[in-house]
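Open your viewer and get the selection tool ready. We will go from stop to stop, and at each one you can check what is there.

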Amino acid sequence: MKAKIKAISYYLPEKILGNEEINTLFPEWSVDKISSKTGIYSRHIAAEDEFSSDMAIKAAENLFSEHNIDRKDIDFILLCTQSPDYILPTTACIIQDKLGIPTSAGALDFNLGCSGYIYGLGLAKGLVYAGIAKNILLLTAETYSKFIHPKDKSNLTIFGDAASATLITAGDGFAEIGEFDFGTDGKGAENLIVKKGGVKFPGLSDQSEDVTDEFGNVNSPGKLHMNGGEIFGFTSGAVPKLIQNVLTNNKLEPSEINLYVFHQANKYMLNHLRKKINIEEEKFFYFLKDCGNTVSSTIPIALKEAVKDADLNGNILLAGFGVGYSWGGCVLNIG
């Protein structure tokens with residue numbers, strides 16, 4: 001029994017927020033400063049009336065049309081999102097109905113961020129190996145822009161909205177899903193969090209709750225808070241160990257990896273990790289210049305572009321890490 005990726009597509013919202021516009025809002029942040037620090041020149045922003053389900057549906061429709069996939073063959077939907085349409089019902093159920101996928105299909109949401117695509121591949125592989133499903137539609141969709149305070153210049157420069165759709169199958173595909181490594185450290189939960197809006201702290205923030213940090217970023221409990229220094233420290237420590245564990249679990253040496261596709265956090269962090277792990281630059285893929293950090297969608301978007309732009313074969317190592325703290329990695333084999 002094997003689980004394979006058959007096809008990947010994605011969707012980016014029409015609205016674009018470029019560095020020039022951010023510079024207009026925050027004159028102290030030059031266009032060159034933003035691009036050199038983050039590696040991001042523009043990011044796509046969901047419309048006011050566009051939500052995770054809308055974007056996931058568009059990504060799935062792109063998958064069906066671009067790869068001639070029959071939606072009637074889908075027997076399970078996995079949706080990774082931290083911005084669901086509602087607390088309940090499950091957004092994946094709404095998507096099933098709107099896509100016209102058979103009611104015999106299973107559907108569930110799972111709440112993970114930057115490691116979410118890796119977790120989704122693991123869940124999909126498990127469903128295939130258990131004989132529960134043969135064609136799993138793995139969706140990622142995130143509208144972090146709706147959580148970002150309009151005066152939070154740091155997060156505005158980094159995050160963009162996007163959705164992806166991947167078909168994992170027990171049949172033919174271009175990449176076999178290998179072995180995984182996962183990790184969790186909930187002690188870091190406060191360092192990347194939206195405190196208000198759930199059951200514990202219901203409601204949204206008002207302006208009276210705004211707080212300005214030492215760097216001039218404005219935030220409040222109903223908006224996205226990120227402690228960049230703590231996140232960087234966590235990533236720097238966890239990811240090298242993750243990569244070694246993934247190699248060990250797949251019985252591979254670093255020389256046997258043809259390409260590394262990491263979560264596209266920002267260019268500075270990616271370069272730091274590449275150098276620390278001693279990965280050759282030609283084996284390290286970047287794709288965030290025109291879409292930014294799209295959370296759980298960064299890896300599938302980058303993977304699709306990597307496969308499209310190069311004659312890839314052999315082993316590709318994927319690694320996701322971030323909010324939770326949560327991390328995960330695996331190897332894909334293109335034969």
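Start by selecting Lys195 and Glu190, which form a salt bridge with their closest N and O atoms 3.3 Å apart. Keep in mind that you are looking at a predicted model. Color by accessibility and you will find Lys195 partly exposed, with a relative accessible area of 40%. Its partner Glu190 is also partly exposed, at 47%.

**More salt bridges**

How many salt bridges does the structure hold? The count is eleven. For another of them, select Lys153 and Glu28, whose side chains meet at 2.9 Å, N to O. Show the cartoon as well: Lys153 sits in helix α6, while Glu28 belongs to the loop between α1 (19-25) and α2, so this pair ties together parts that are 125 residues apart in sequence. Is Lys153 buried or exposed? Lys153 is buried, with a relative accessible area of 7%, whereas Glu28 is partly exposed at 46%.

Next, pick Glu50 and Lys58, another salt-bridged pair, with 3.2 Å from N to O. Glu50 counts as buried at 7% relative accessibility, and Lys58 is partly exposed at 36%.

**The two domains**

Now zoom out and color the chain by its domain assignment: domain 1 covers 4-173 and domain 2 covers 178-334. If you place a marker at each C-alpha centre, the two markers will be 15 Å apart. Select the residues in contact across the boundary, and you should get 49 from domain 1 and 53 from domain 2. The area buried between the domains is about 4,000 Å², with carbon and sulfur atoms giving 64% of it. Which residues of domain 1 lose the most area to domain 2? Select Tyr10, Cys114 and Ile118: together they account for 18% of what that side buries.

Stay at this interface and turn to its polar side. The rule finds two salt bridges across the interface of domain 1 and domain 2, along with 14 residue pairs in polar contact, both partners at pLDDT 80 or more. To see which elements of domain 1 touch domain 2, highlight β1 (4-11), α2 (31-38), β3 (42-45), α5 (116-129), β6 (135-142), α6 (153-158) and β7 (162-169); each supplies at least two residues. Helix α5 gives the largest share of this side, six residues. Color the touching residues of domain 1 by type, and they divide into 22 nonpolar, 17 polar and ten charged.

While salt bridges are on your mind, select Lys304 and Glu66 too: this pair forms one, with the closest N and O atoms 4.0 Å apart.

**Asn135, in strand β6**

Center on Asn135, which is found in strand β6. At 18% relative accessibility, Asn135 counts as buried, since the cut-off for that class is under 20%. A polar atom of the Asn135 side chain lies 3.3 Å from the backbone oxygen of Asp73. Beyond residues up to four places away in sequence, Asn135 touches Asp73, Ile74, Asp75, Phe76, Leu167, Ile168 and Thr169.

**Thr235, in helix α7**

For the last stop, select Thr235 in helix α7 (residues 228-249). Thr235 is buried, with a relative accessible area of 2%. Draw a distance from a polar atom of the Thr235 side chain to the backbone oxygen of Ile231, and you can read off 2.8 Å. Finally, show what surrounds this residue: apart from neighbours within four places in sequence, Thr235 is in contact with Pro240, Met269, Leu273 and Phe321.

Note on methods. Residues numbered from 1 in each chain as written. Predicted model: local features only at pLDDT ≥ 70, side-chain atom pairs only at ≥ 80, totals over all residues. Heavy atoms only, no water. Domains from an automatic or database assignment. Contact = heavy atoms within 4.5 Å. Buried area = accessible area lost by both parts, 1.4 Å probe. Polar contact = N/O pair within 3.5 Å; in protein donor to acceptor, adjacent residues only side chain to side chain. Helix = DSSP H or I, 4+ residues; strand = E, 2+ residues; numbered from the N terminus. Nonpolar A, V, L, I, M, F, W, Y, C, P; charged D, E, K, R; others polar. Buried < 20%, exposed > 50% of the residue type's maximum accessible area, 1.4 Å probe, protein only.
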